[in-house]
Amino acid sequence: MNSSDKNNSYKEPRLRNTLKEDFKTGGFFRTFRRDIKDLKEYYISEENHKRLSQMNLIKRVFVFSWWLLKSMILKLTPFRRIVLVTGILFLIVRFNVSSDGNETSANSYLFGVLLILFLLMLELKDKLLARDELEAGRQIQNALMPEELPQFSGWSLMLFTRSANEVSGDMVDFIRIEPGKAGLLIADVAGKGLKAALLTTKLQATVRSFVEDMEIEKLVSKVNDIFYRDSLRNIFASLLYLEISENSGQLKYVNAGHLPPLLIGMNGLKEMSKGGAALGLMKDINYYENSLELNSGEFLFAYSDGLTEARNESGFFYGTERLINLLSHLKNINSAKEIGDAVIADMDKFSGDFSNNDDLSILIVKRI
């Protein structure tokens with residue numbers, strides 16, 4: 001088939017067929033509720049959220065609609081703001097035009113619709129361009145991520161991350177430092193979206209640059225100094241760095257403000273210490289190394305707050321207690337992947353159709 005045949009064989013999808021397929025897909029009510037929730041979170045301030053909750057239903061609907069429209073108008077550029085307001089006025093007001101001395105009644109609705117459609121096309125263009133750029137960023141992030149199940153003698157490992165948006169502010173990594181020695185890390189940059197993703201990539205590159213030359217407590221201190229120097233003052237990151245050796249149960253780690261990892265052993269479950277301050281809060285911090293000896297079958301479970309702070313449709317959090325109860329029943333499972341898959345499945349079942357807005361990362365280190 002030549003190139004012209006290939007071009008002729010491609011047909012754009014018919015609008016009618018696309019709409020029919022949309023109706024077949026269903027789930028409109030769930031999608032509508034999720035979209036309304038996203039609108040409220042983006043356009044309505046926390047203070048106004050509280051004010052809405054104190055109103056009766058009818059007043060809440062009208063006030064919410066007005067606040068939504070006002071906030072949307074204020075977020076537009078000056079030109080687009082004028083276009084939108086003009087379009088709304090033309091939808092409301094009828095006018096007359098005079099041509100060759102004969103006055104003709106003209107319906108302004110069409111002109112108002114065209115103005116708003118023009119504005120919608122401009123906004124959609126911006127959204128599609130931004131989405132393409134974020135998709136490129138996501139592909140680069142994925143290329144920098146390690147394999148989910150690294151092979152390392154004497155250990156079963158799982159590194160999992162799932163972004164809430166196109167790019168992630170969470171990170172997991174596996175680094176082969178030298179023969180028989182490896183480093184693992186899990187980090188969470190405050191916030192989400194592109195800003196957090198850029199700093200996550202920088203954090204990963206910084207750790208990889210110095211990991212072979214320093215003891216782990218000095219490594220984390222060095223990373224903190226660089227992160228403090230190069231990031232914004234209101235940005236910080238938590239980091240848990242671990243080091244393991246082949247065919248040995250010894251595990252060394254430094255915790256810089258990350259959620260305490262959980263140690264699951266034959267004698268039950270233990271929450272480890274939180275450690276020092278998060279990265280970027282202040283410079284010249286001294287971090288301290290901790291060490292553990294894991295017996296066969298014991299594992300360390302580290303995670304980001306996207307797990308325990310996942311919510312369901314009723315607004316309840318997944319929570320640490322539910323996680324601990326689940327992990328206590330998983331201590332006899334052989335592989336890290338089976339443990340991780342069970343936790344992720346339980347969290348997804350708990351959340352249901354509710355869309356959570358935080359990145360999720362899990363790091364499992366199991367001695368075998």
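How are helix 5 and helix 6 oriented to each other? In this predicted model, the two helices pack at an angle of about 140°, and their axes are 8 Å apart. An angle over 145 degrees would count as roughly antiparallel. Helix 5 and helix 6 are therefore oblique to each other.

## Helix packing

Two packed helices are described by the angle between their axes and the distance between the axes. The contact of helix 5 with helix 6 is made by Leu-69, Met-72, Ile-73 and Leu-74 on the side of helix 5, and by Arg-81, Leu-84, Val-85 and Ile-88 on the side of helix 6. By class, seven of these residues are nonpolar, none is polar and one is charged.

Helix 5 also meets helix 4. The axes of helix 4 (residues 46-53) and helix 5 (residues 57-75) come within 10 Å and cross at roughly 160°. That angle makes helix 4 roughly antiparallel to helix 5. The crossing of helix 4 with helix 5 is right-handed. Helix 4 contributes Asn-48, Arg-51, Leu-52 and Ser-53 to the contact, while helix 5 contributes Arg-60, Val-63, Phe-64 and Trp-67. The residues of this contact divide into four nonpolar, two polar and two charged.

The two helix pairs are set out below.

| Helix pair | Angle | Axes | Residue classes in the contact |
|---|---|---|---|
| Helix 4 and helix 5 | roughly 160° | within 10 Å | four nonpolar, two polar, two charged |
| Helix 5 and helix 6 | about 140° | 8 Å apart | seven nonpolar, no polar, one charged |

## The sheet of six strands

Strands of a sheet pair through backbone hydrogen bonds, either parallel or antiparallel. One open sheet of the model has six strands in the order 3-4-13-12-9-10, and the pairing is antiparallel. Its edge strands are strand 3 (151-152) and strand 10 (268-271), each of which pairs on one side only. Within the sheet, strand 9 (residues 262-265) and strand 12 (residues 299-303) are antiparallel partners joined over three bridges. Here Ile-264 stands opposite Phe-299 in strand 12.

Two helices pack on this sheet. Helix 11 (residues 320-328) touches strand 9, strand 10 and strand 12, and its direction makes about 155° with that of strand 12. Helix 12 (residues 336-351) touches strand 4 (155-162), strand 12 and strand 13 (360-367), and its direction makes about 30° with that of strand 4.

## The sheet of five strands

Another open sheet has five strands in the order 5-6-7-8-11, again with antiparallel pairing. Strand 5 and strand 11 (290-293) are the edge strands, and each pairs on one side only. On average, and with direction ignored, neighbouring strands of this sheet are turned by 20° against each other. Strand 8 (residues 250-256) runs antiparallel to strand 11, and four bridges join them. Leu-251 stands opposite Leu-292 in strand 11. Helix 8 (residues 194-210) lies across strand 5, strand 6 (181-189) and strand 7 (237-245), running at about 15° to strand 5.

## Aromatic pairs

How many aromatic pairs does the model contain? The count comes to four. One of them is formed by Phe-152 and Phe-174, whose ring centres are 6.1 Å apart, with 75° between the planes. Planes over 60 degrees apart count as edge-to-face, and this pair is edge-to-face. The pair links distant parts of the chain, since Phe-152 lies in strand 3 and Phe-174 in strand 5 (residues 170-178), 22 residues apart. Strand 3 is an edge strand of the sheet of six strands, and strand 5 is an edge strand of the sheet of five strands.

Technical notes:
Residues are numbered from 1 along each chain as its sequence is written. This is a predicted model: local features need pLDDT of at least 70, side-chain atom pairs count only at pLDDT 80 or more; totals for chains, interfaces and linings use all residues. Side-chain values use heavy atoms; hydrogens and water are left out. Two strands pair if DSSP finds at least two bridges between them. Contact means heavy atoms within 4.5 Å. Axes are lines fitted to C-alpha atoms, for helices over the stretch in contact, and angles run from 0 to 180 degrees between N-to-C directions. Angles under 35 degrees count as roughly parallel, over 145 as roughly antiparallel, 65 to 115 as roughly perpendicular and the rest as oblique. A crossing is left-handed if the near helix is turned anticlockwise from the far one by less than a right angle, and right-handed if clockwise. Ala, Val, Leu, Ile, Met, Phe, Trp, Tyr, Cys and Pro count as nonpolar, Asp, Glu, Lys and Arg as charged, and the others, Gly among them, as polar. Rings of Phe, Tyr and Trp (its six-membered ring) pair if their centres lie within 6.5 Å; planes under 30 degrees apart count as stacked, over 60 as edge-to-face and the rest as tilted.
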